[in-house]
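User: I should like to review how the classifications in this model are justified. Please set each value against its criterion.

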Amino acid sequence: MGKKVKKEVEPPPKDVFDPLLIESKTAATVVLMLSSPEEEVLAKACDALYKFASKGDENKVTLLGLGAVEHLYKLISHEDPIVRRNAIMIFGIMASNHDVKKLLRELDVTNSLISRLAPEEDVVIHEFATLCLAHMAVEHTTKVHIFEQGGLEPLIRLLGSPDPDVQKNSVECIYLLVQDFQSCAAVRGLNEFSDLHVEALAVLGNCLEDVHALQLLQQTGGLKKLLSFVEVSTVTDIQKNTAKAIAKAAYDSEIRKILNEEEVEKSLINLLKIDNDGVKVAASQAISAMCENSATKRAFGLQGIPQLVQLLNSDSEEVKEAAVTALANLTTASPGNASAVAEAEGIQPLVNTLNAQRDQAIANAATTLTNLATQELFRVTIQGCSVMRALAEPLRSTNSQVQSKAAFAVAAFGCDADARTELRNAGGLQPLVELLHSKNAEVRRNACLAVTVCASDEVTAVELCRLGALDILEEINLSIGRRNKFSEAALENLYDNNLSQKYSQRGYLSSSNIITDGFYDCGQIKPGVKFLSLEELSMQELTDRRAIIFINAKPREDVLAVEEKAQDSSYEQTPLSPALSRKSSREKTRRGKGKKEEEKMKEVTEIMSKVQDLENSHWLPPPDFILLDYINDASKAVLPLTTTREQVVALAQFVANKMGGSIERDKLHDFNWELHISEIEFELKRNIVPIGKVKKGTFYHRALLFKVIADRIGIGCSLVRGEYNRAWNEVELVDDSPQGIAGLLLPPQEYIVDLMFEPGFLMKQGSAEADQYKHI
């Protein structure tokens with residue numbers, strides 16, 4: 001074994017201890033450790049006391065009684081950064097206690113805290129030093145000390161800190177300081193630090209989003225000072241950022257209420273007058289956000305609206321967009337503000353804004369105009385500004401919001417016949433129909449609403465159907481997901497104002513569907529086959545298919561007026577034959593009154609045929625003077641009768657007499673009505689036949705004539721198409737009360753009117769006679 005060598009070890013110095021782990025569960029012991037010369041002990045003691053003080057106000061009072069504040073005061077300037085940081089952290093949270101603040105003022109710690117705001121200090125030191133100063137700045141004397149010791153400038157500089165807590169604490173401290181006149185003047189004197197003011201207001205925007213912070217600013221008067229400061233500032237970035245801060249904060253209802261209490265509206269109205277587009281935009285956006293508050297809406301009314309209307313004429317599209325957005329919000333559910341817009345002469349600028357370059361501006365212009373349209377006087381005025389022509393282009397937009405608002409505006413103004421004509425002439429119906437295809441539910445719903453309103457007259461309804469609206473709506477209403485109450489209403493309105501197509505596709509007209517001039521029956525149309533207009537059908541060559549029966553009982557005076565107008569305008573440069581001069585036209589009509597019905601009809605047909613052959617002529621269906629005479633004669637014979645039942649029977653007999661009389665059931669096949677109709681078609685050289693020309697009519701001719709005359713003289717009846725050339729009329733009649741029960745009101749019963757076999761015989765709906773009449 002080797003020999004062990006004993007190594008001499010030098011003993012440690014007598015005055016040096018090995019590292020010790022010091023633990024304590026009593027605050028008093030830890031406070032005593034604050035007197036230690038060891039930095040590690042101090043740092044750990046401060047950290048322990050920070051956690052202790054954070055647990056509640058009672059612990060802060062305990063530390064105050066143990067003399068911790070005096071020890072910590074010495075440590076906030078300690079050369080070790082960790083000790084310094086931990087000591088200031090304790091100060092920051094303890095300063096919220098009233099007694100602690102009182103002792104801090106006696107110790108005059110503000111100068112030491114301000115020195116800790118230097119750029120080279122740790123961000124945590126900045127956070128808790130500013131927190132401590134913010135707590136202390138509530139008291140007037142401390143405000144003075146902070147100002148006199150130069151604390152305002154480093155606080156302003158810290159507004160540019162990357163740490164949000166530092167920013168927040170600095171802002172709170174600054175706005176407590178500016179309650180003092182000297183500090184406020186000093187802040188204004190720092191316009192050389194305008195970039196810092198801009199940062200401050202950006203930070204303020206974050207602070208204002210917190211209700212408690214805003215309440216603090218309000219309670220201390222800081223919010224009022226802020227608004228006052230902005231109004232006197234000449235730095236546009238400050239004004240702009242203030243407005244942005246208000247806009248950002250105003251999305252909270254509680255905050256809107258506070259801002260309204262401080263009359264923020266006056267400041268925003270003043271900002272609208274600033275000659276800077278950025279400020280105007282920010283102020284307008286703030287107004288939009290504040291409009292959710294009803295009191296704010298009223299406050300902006302008289303003074304703010306005229307200012308916003310003026311901005312609609314701005315060369316800046318951004319300004320225009322912000323202004324019209326504010327107007328849209330101000331006028332929503334506010335008739336008073338809508339009136340203010342009209343009084344400020346804002347209607348024409350709003351209509352002009354429908355042609356703006358920004359989608360948001362167009363959408364909100366449409367919304368504002370729609371809001372004004374709830375008052376009839378303004379709606380009429382807006383219509384006079386060619387609003388429908390202006391809306392035609394927004395309907396073609398690819399932006400769903402613009403599409404939706406434009407369609408809704410069309411619905412608002414489409415209740416006027418002239419407005420519908422204007423939209424039709426401007427080509428606005430085509431894009432409106434295309435919006436029915438939209439995948440956006442709101443766009444589709446508003447387009448359906450617009451179609452419902454615009455389909456209120458026959459001309460527009462027919463054009464909408466021609467463009468495919470009917471087929472699209474039929475498809476929509478088959479879909480559970482896309483169907484809505486407006487799509488159903490739009491479909492019904494299109495049918496009810498385009499009865500020719502309704503009868504062709506549905507085979508039914510109700511008693512409320514009144515047949516007027518221009519109606520035609522082209523038979524049951526097959527699914528998928530395009531429904532052609534009467535003019536399109538008139539251009540087809542004569543065929544052997546079923547004749548198209550049309551209704552045109554225009555008075556003779558109206559026909560003469562059309563002829564005269566045609567000669568004075570469309571045909572004034574076209575050589576007219578002597579037979580078509582005004583004089584000869586009148587003479588022929590006068591002579592025609594003494595002729596038989598057939599001769600009169602032939603004469604009129606010849607005249608209209610020659611007019612239609614003129615170059616560039618627009619086809620018009622010839623007048624049916626025979627039908628006109630039928631209506632007049634039936635009115636004289638039927639209306640004097642006392643009961644509806646008697647009137648129905650008499651009218652049925654009248655119709656049957658005009659169309660070949662009664663037919664024996666077993667000789668129906670000998671009633672050669674087809675040959676008769678073919679002869680008329682050959683005579684007219686087209687498949688279109690006026691109903692007055694039909695002298696041998698079968699079920700569907702007679703049912704149509706019955707419905708036409710009944711509608712004109714006020715007898716309610718429906719028209720139903722059956723199979724194999726069958727059609728019939730249904731009427732509702734009240735039966736007599738049972739014998740012995742006087743005054744009993746019975747519900748009406750539905751009857752089928754016999755026009756063929758026993759004209760005037762009434763068959764109760766559902767009876768064997770009625771079923772036989774409809775099907776055999």
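User: How many salt bridges does the structure hold?

Analyst: This is a predicted model, and the structure holds 24 salt bridges.

User: What makes the pairing of arginine 358 with glutamate 321 a salt bridge?

Analyst: The side chains of arginine 358 and glutamate 321 meet at 2.9 Å, N to O. The criterion asks for a side-chain nitrogen of Lys or Arg within 4 Å of a carboxyl oxygen of Asp or Glu, so the pair is called a salt bridge.

User: Where in the chain do these two residues lie?

Analyst: The pair links distant parts of the chain, with the two residues 37 residues apart. Arginine 358 is in the loop between helix H23 (347–353) and helix H24 (359–372), whereas glutamate 321 belongs to helix H21 (residues 317–331).

User: Why is glutamate 321 called buried, and why does arginine 358 count as partly exposed?

Analyst: Glutamate 321 has 17% relative accessibility; buried means under 20%, so glutamate 321 is classed as buried. Arginine 358 has 34%, and partly exposed covers the range between under 20% and over 50%, so arginine 358 is partly exposed.

User: How do you know that lysine 530 and glutamate 536 form a salt bridge?

Analyst: The closest N and O atoms of lysine 530 and glutamate 536 are 3.8 Å apart. The cut-off is within 4 Å, so the pair qualifies as a salt bridge.

User: Why does lysine 530 count as exposed, and why is glutamate 536 called partly exposed?

Analyst: At 52% relative accessibility, lysine 530 counts as exposed because the threshold is over 50%. Glutamate 536, at 27%, falls in between the limits for buried and exposed, and therefore counts as partly exposed.

User: What makes lysine 707 and aspartate 711 a salt bridge, and where do they lie?

Analyst: Their side chains meet at 3.3 Å, N to O, which is within 4 Å, so the contact is a salt bridge. Both residues lie in helix H42 (residues 699–713), four residues apart, about one turn of the helix. Lysine 707 and aspartate 711 are both buried.

User: Why is the contact between the side chains of aspartate 57 and asparagine 97 called polar?

Analyst: The two side chains make this contact at 2.9 Å. The limit for a pair of N or O atoms is within 3.5 Å, so the distance satisfies the criterion for a polar contact. Aspartate 57 itself is in helix H3 (residues 57–65), and its relative accessibility of 41% makes it partly exposed.

Note on methods
Residues numbered from 1 in each chain as written. Predicted model: local features only at pLDDT ≥ 70, side-chain atom pairs only at ≥ 80, totals over all residues. Heavy atoms only, no water. Buried < 20%, exposed > 50% of the residue type's maximum accessible area, 1.4 Å probe, protein only. Polar contact = N/O pair within 3.5 Å; in protein donor to acceptor, adjacent residues only side chain to side chain.
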